[in-house]
Amino acid sequence: TKCSEWESGDAIAIFNGIRGFEFKTEDSGAKADFAYTGNDFSGNKFMAVYPYGDYTADLENKIVTANVPTYQPSRNNDYSLGAVPAVAYSENLSLKFKNASALLKFTVKGSNVKGLIFHGHNNEAVSGNVSVALDEDNTVKSVEALETTITENDVTETKLITWVKVWAQTDDNCFDEGVTYYLSVIPQNFKKGFTAQLEIDGVGVVDVKSTNKSYDLKPNTILN
């Protein structure tokens, strides 16, 4: 397992039933205090989502929107900043966040790998906007993909996005050999399996992991 920790500068949106408010922290670690600079925040039920964004929340049904980025810049031994949406519900502003995506964990051999791309075999939406519903015990009950506006090759469309990519944010634009990397994915059951591909400099895109068997990728889990 991988423990998610707060970083100084992190921002979350807290919803009080009227709108979302931006709270920020200067703390780092497993716990952090977040503060809001205004004086117009109040309420007795709250939902929160990390990272902060232009999202919506339904407090009565414990549903909030979030996003799993389609393109995620790599970080050594960690996932891309803001790539794992986390949500929480509280009636006292002590928030216990639950991760709402799944992670693919990988290392590479060689010094010429530029990216890793993941897609399902049944046109599943694996990145973009999501609707996250919490259960009675405030754990993640479901994560549903939503249509997302994306620009590709100068064409802007609003659709379900069926791919997700982590790219090497390094000096030479290639992953460091032997280092652990992560890719955040919308969790779901891949009924017809999935494929992971490597983008290799000078070669192109090649399949490195593919299965046609049904696979259930659950929230807050890691697939090696």
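**Exercise 1. In this predicted model, find how many residues the largest nonpolar core has and which of them have the most contacts inside it.**

Solution.
- Step 1: Count the members. The largest nonpolar core has 23 residues.
- Step 2: Pick out those with the most contacts inside this core. They are Phe-118, Phe-175, Leu-183 and Val-185.
- Step 3: Trace the core to its strands. At least two residues each come from S9 (102–106), S10 (113–120), S15 (164–167), S16 (181–185) and S18 (194–200).
- Step 4: Identify the top supplier. Strand S18 gives the most, with four residues.

**Exercise 2. List contacts of Phe-118, leaving aside neighbours within four places in sequence.**

Solution.
- Step 1: Look for aromatic partners. Phe-118 is in contact with residues including Trp-163, Phe-190 and Phe-194.
- Step 2: Add further partners. Among them are Leu-104, Val-126, Val-164, Leu-183, Val-185 and Ala-196.
- Step 3: Include the threonines. Thr-162 and Thr-195 also touch Phe-118.
- Step 4: Set the other core aside. Apart from the largest core lies another of 18 residues, among them Phe-15, Val-68, Val-140 and Ile-186.

**Exercise 3. Describe the surroundings of Asp-40: where is this residue found, and between which strands?**

Solution.
- Step 1: Locate Asp-40. The residue is found in the loop between strand S2 (20–24) and strand S3 (46–50).
- Step 2: Classify its exposure. The relative accessible area of Asp-40 is 42%, so this residue is partly exposed.
- Step 3: List contacts beyond four places in sequence. Asp-40 touches Arg-19 and Phe-21.
- Step 4: Find side-chain polar contacts. Asp-40 makes one with the side chain of Arg-19 at 3.1 Å. Another, of 2.6 Å, joins Asp-40 to the side chain of Tyr-36.
- Step 5: Check Glu-22. Its C-alpha atom and that of Asp-40 are separated by 12 Å.

Terms used: Residues are numbered from 1 along each chain as its sequence is written. This is a predicted model: local features need pLDDT of at least 70, side-chain atom pairs count only at pLDDT 80 or more; totals for chains, interfaces and linings use all residues. Side-chain values use heavy atoms; hydrogens and water are left out. Buried means under 20% relative accessible area, exposed over 50%, partly exposed in between (1.4 Å probe, protein chains only). Contact means heavy atoms within 4.5 Å. A polar contact is a pair of N or O atoms within 3.5 Å; within protein, one must be able to donate a hydrogen and the other to accept it, and residues adjacent in sequence count only if both atoms are side-chain atoms. A nonpolar core is a set of buried Ala, Val, Leu, Ile, Met, Phe, Trp, Tyr and Cys residues joined through side-chain atoms within 4.5 Å.
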